[in-house]
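Work through the exercises below with the structure open beside you. Try each task before you read its solution.

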Amino acid sequence: MTRREPLRKAIEGLLDDVEGILALRRTSGHVAPHLFCDSGELDELAVSPKYPLPGTLRLIQAEHPEAQLAIVCRGCEERGLIEMAKRNQVNLDRVVVIGLACTAEEAEECRCAKPYPSVLVDAHVGERAEPVVDKLADELRQKDVSERFEFWRQQFDRCIKCYGCRNACPQCFCPECTLEEGLWVERGEVPPAYPTFHLIRAMHTVGKCVGCRECELSCPAGIPLTTLYALIRQEVREMFGYEPGADLEEQPPLVLPAEVES
Amino acid sequence: MMDEPKIVAYACTYCSYPGADLAGTSRIRYSPNVNIIRVLCSGRVSPELILRTLREGADGVLVLGCHYGDCHFISGNHRTAKRVAVLQRILEYAGIDPERLRLEWVSASEGERFAKIVDEFTETIRQLEPMERVLA
């Protein structure tokens, strides 16, 4: 844990200016998100494993909209914050962001294309690791449609419809979820019928998914959802030139009218 | 025995449905495989609806809307255009032939165009394996 001490130094001074710092805490061997309000607690500060803190920030801000907070953000979390801010889920004016760069091993594990924050802040702690190429995505690109069908069918047949992917996703904040509507996804059917459940979710991540891999980490069946969403993200980038979490101003493509040559 | 493809066409009530109607009243012969469902706007055809249509066994889904600038709801067809394009890519990566989904603009005066699109689309779908067998 070489990044723990530098991170502690980076956030320690902030406690005078903000009401709380959202980071991870290790108590009795378990790591969980925690709002650090007192410098004494910082002994229990943890860096890993990764946990989607922006989702927690959204919940805190919903209860305490006036609070001045700070949050420790990895690259993916920063991108997530940006996309959530665009949809009015978090208020960035009341948040101080502390950047944390992922190690090369973490980036490798997540197949992360940008394992460090760079838009809101630069990484305060850690060195920028090299982007990692998703080999599975490349492999799938080479396959033809029927081979891809076989691949995904095998993967999705293991789904136990636990909604873990949706629950873990920091970008899934709709009060009512399409995936719970019997009209689109039959109740009591496991595994859920292909292609509705998984592709409805895939469609809903378009322009939002920042590739944080929380869905895949939470999946008890180990379905490589990150790869599916990464492939889709690549397509959206090519079609609309939109990269989720890359910029605070640009609006997601699906909410805007198409540009038509007249 | 040749399987007859099942095709569902979502036609918007302001342009494409009258277009299909015109094809009928003009006695233009078009493929009987198509089942037309009238919707208020092509923007109403959500990805969920398209995916469920495919899952229920439709071999092809045709989304028909007004030409750009003619939409009764001004930008409903813009949204469809983007959504369908994205959904086609998703289908492709998920292993479902994106040709099963097509978006076309048909105005109320384009009965012949409607018939041509439906015939062409039916022929395209005929080349593909029936969806029921794919999903079985």
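Two residues are in contact if their C-beta atoms, placed from the backbone, lie within 7 Å. Keep in mind that this is a predicted model.

**Exercise 1. The contact between the chains**

Find how many residues each chain gives to the contact, then describe the side of chain A that touches chain B.

Solution.
- Step 1: Count the residues. Chain A gives 30 residues and chain B gives 24 residues.
- Step 2: Look for the elements on the side of chain A that touches chain B. Those giving two or more residues are helix H6 (145-156), helix H8 (196-204) and helix H10 (225-240) of chain A.
- Step 3: Pick out the largest share. H6(A) supplies it, with seven residues.
- Step 4: Sort this side of chain A by class. It holds 24 nonpolar, three polar and three charged residues.

**Exercise 2. A helix under cover**

Decide how far H8(A) is enclosed, and name what covers its buried residues.

Solution.
- Step 1: Apply the cut-off. A residue is buried if 20 or more other C-beta atoms lie within 10 Å of its own.
- Step 2: Count. Nine of the nine residues of H8(A) are buried, so the helix is largely enclosed by the rest of the structure.
- Step 3: Name some of them. Among the buried residues are Phe197(A), His198(A), Arg201(A) and His204(A).
- Step 4: Find the cover. From chain A it includes H6, helix H7 (164-168) and H10. From chain B it includes helix H2 (47-55) and helix H3 (76-94).

**Exercise 3. Two packed helices in chain A**

Classify the packing of H2(A) and H3(A) as parallel, perpendicular or oblique.

Solution.
- Step 1: Recall the description. Two packed helices are described by the angle between their axes and the distance between the axes.
- Step 2: Read both values. Helix H2 (residues 53-63) and helix H3 (residues 75-86) of chain A pack at about 40 degrees, with axes 9 Å apart.
- Step 3: Classify. Angles under 35 degrees count as roughly parallel, and 65 to 115 as roughly perpendicular. The angle therefore makes H2(A) oblique to H3(A).
- Step 4: List the contact residues. H2(A) uses Leu53(A), Pro54(A) and Arg58(A). H3(A) uses Glu77(A), Gly80(A), Leu81(A) and Met84(A).
- Step 5: Sort them. The contact has four nonpolar, one polar and two charged residues.

**Exercise 4. The sheet of chain B**

Trace the strand order in chain B, then examine E3(B).

Solution.
- Step 1: Start with the pattern. Along the sequence, chain B reads β-α-β-α-β-α-β-α-α.
- Step 2: Order the strands. The open sheet runs E2-E1-E3-E4, with parallel pairing.
- Step 3: Find the edges. Strand E2 (34-39) and strand E4 (101-105) of chain B each have a single partner strand, so one side of each lacks a neighbour in the sheet.
- Step 4: Follow the bridges. Five join E1(B) to E3(B), and five join E3(B) to E4(B).
- Step 5: Focus on Leu64(B). Ala11(B) stands opposite Leu64(B), and Leu64(B) stands opposite Glu104(B) in E4(B).
- Step 6: Check burial. Six of the six residues of E3(B) are buried. Gly60(B), Leu62(B) and Leu64(B) lie on one side, with Val61(B), Val63(B) and Gly65(B) on the other.
- Step 7: Add a helix. Helix H1 (residues 16-25) of chain B lies across E1, E2 and E3, at about 115 degrees to E1(B).

Technical notes: Residues numbered from 1 in each chain as written. Chains lettered and ligands numbered in written order. Predicted model: local features only at pLDDT ≥ 70, side-chain atom pairs only at ≥ 80, totals over all residues. Helix = DSSP H or I, 4+ residues; strand = E, 2+ residues; numbered from the N terminus. Nonpolar A, V, L, I, M, F, W, Y, C, P; charged D, E, K, R; others polar. Pairing = 2+ DSSP bridges. Axes fitted to C-alpha atoms, helices over the stretch in contact; angles between N-to-C directions. Parallel < 35°, antiparallel > 145°, perpendicular 65-115°, else oblique. Buried ≥ 20, exposed ≤ 12 C-beta atoms within 10 Å, placed from the backbone.
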